[in-house]
Amino acid sequence: MSEVRTSQNEPGREQRIFSFKATQLVWLLFGILEALIALRIGLKLIGANPESPIVALIYGFTYLFLFPFEGLVGSPGSGNMVLELSSMFAMLIYGLIAWAMERIIWLIFYRPRGPVVAVTETTTSENHTTR
């Protein structure tokens with residue numbers, strides 16, 4: 001009786017998976033940040049009540065990322081409705097930062113696909129039975 005087992009080894013596969021997952025994590029985190037900033041812009045634009053708990057939470061969290069851009073450009077408004085142009089500019093900057101981080105991770109950690117190495121093992125065993 002003989003058994004043939006073939007396995008394939010792809011050098012650098014784990015590093016490619018790591019770089020893919022790391023870049024996806026960067027896009028996920030920055031995507032969530034961009035969505036929250038866009039939500040803030042929309043809430044400010046419709047004049048949402050800042051005393052509402054969810055609105056206050058969104059304003060408070062996004063303020064951590066928007067305070068460097070505060071006062072960069074004027075924000076036109078009418079009544080309690082405001083168009084935060086500085087927040088739009090921040091979204092552009094954070095998008096560029098995410099893209100740059102993704103490219104840096106890709107350049108440092110990605111290894112191109114090399115040849116797939118196949119290993120074939122053959123095992124033979126002999127069983128003799130006597131009567």
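This report walks through the fold, the long first helix, the nonpolar cores and a surface patch of a predicted model.

**Overall layout**

Let us start with the chain as a whole. It has three helices and four strands, and from the N terminus on these elements run β-α-α-β-β-α-β. Of the 131 residues, 22% count as buried. The chain exposes about 9600 Å², and carbon and sulfur atoms supply 65% of that area. Among contacts with a separation of 6 or more, 73% are made by residues 24 or more positions apart.

**Helix α1**

Helix α1 covers residues 13-46. Its 34 residues should span 50 Å at 1.5 Å a residue, and because its end C-alpha atoms are 49 Å apart, the model agrees with that expectation. After α1 comes Gly 47, which has a positive phi near 70°.

The buried residues of α1 include Ala 22, Val 26, Phe 30, Leu 33, Ile 37 and Ile 41, and also polar or charged ones such as Arg 16, Ser 19, Thr 23, Glu 34 and Arg 40. An α-helix has 3.6 residues a turn, so residues three or four places apart point the same way. The buried residues of α1 pack against α2 (53-66) and α3.

**Nonpolar cores**

In soluble globular proteins, nonpolar side chains tend to be buried together. Here is how that looks in this model:

| Core | Residues in the core | Members |
|---|---|---|
| Largest | 12 residues | Ala 22, Val 26, Phe 30, Leu 33, Ile 37, Ile 41, Leu 66, Phe 69, Ala 90, Tyr 94, Ala 98 and Ile 105 |
| Second, separate | five residues | including Leu 43, Val 55, Ile 58 and Tyr 59 |

Which elements give two or more residues to the largest core? They are α1 and α3, and α1 provides the largest share, six residues. Leu 66, another member of the largest core, touches Ile 37, Arg 40, Ser 87 and Ala 90, leaving aside residues up to four places away in sequence. Two of these partners, Ile 37 and Ala 90, belong to the largest core as well.

**A nonpolar patch outside**

Some nonpolar side chains sit on the surface instead. Leu 72, Val 73, Leu 85, Met 88, Phe 89, Leu 92 and Leu 96 form a patch there, with about 600 Å² of accessible area together. One of them, Leu 85, lies in helix α3, which covers residues 85-109. Is Leu 85 buried, exposed or partly exposed? Its relative accessibility is 33%, so Leu 85 counts as partly exposed. Helix α3 thus appears in two parts of this picture: it gives residues to the largest core, and it holds Leu 85 of the surface patch.

Conventions. Residues numbered from 1 in each chain as written. Predicted model: local features only at pLDDT ≥ 70, side-chain atom pairs only at ≥ 80, totals over all residues. Heavy atoms only, no water. Patch = residues over 30% accessible without salt bridge, like charges linked within 9 Å, V, L, I, M, F, W, Y side chains within 5 Å. Areas by Shrake-Rupley, 256 points an atom, 1.4 Å probe, with all protein chains shown as cover. Salt bridge = Lys/Arg side-chain N within 4 Å of Asp/Glu carboxyl O. Buried < 20%, exposed > 50% of the residue type's maximum accessible area, 1.4 Å probe, protein only. Core = buried A, V, L, I, M, F, W, Y, C linked by side-chain atoms within 4.5 Å. Contact = heavy atoms within 4.5 Å. Expected span 1.5 Å × (residues − 1).
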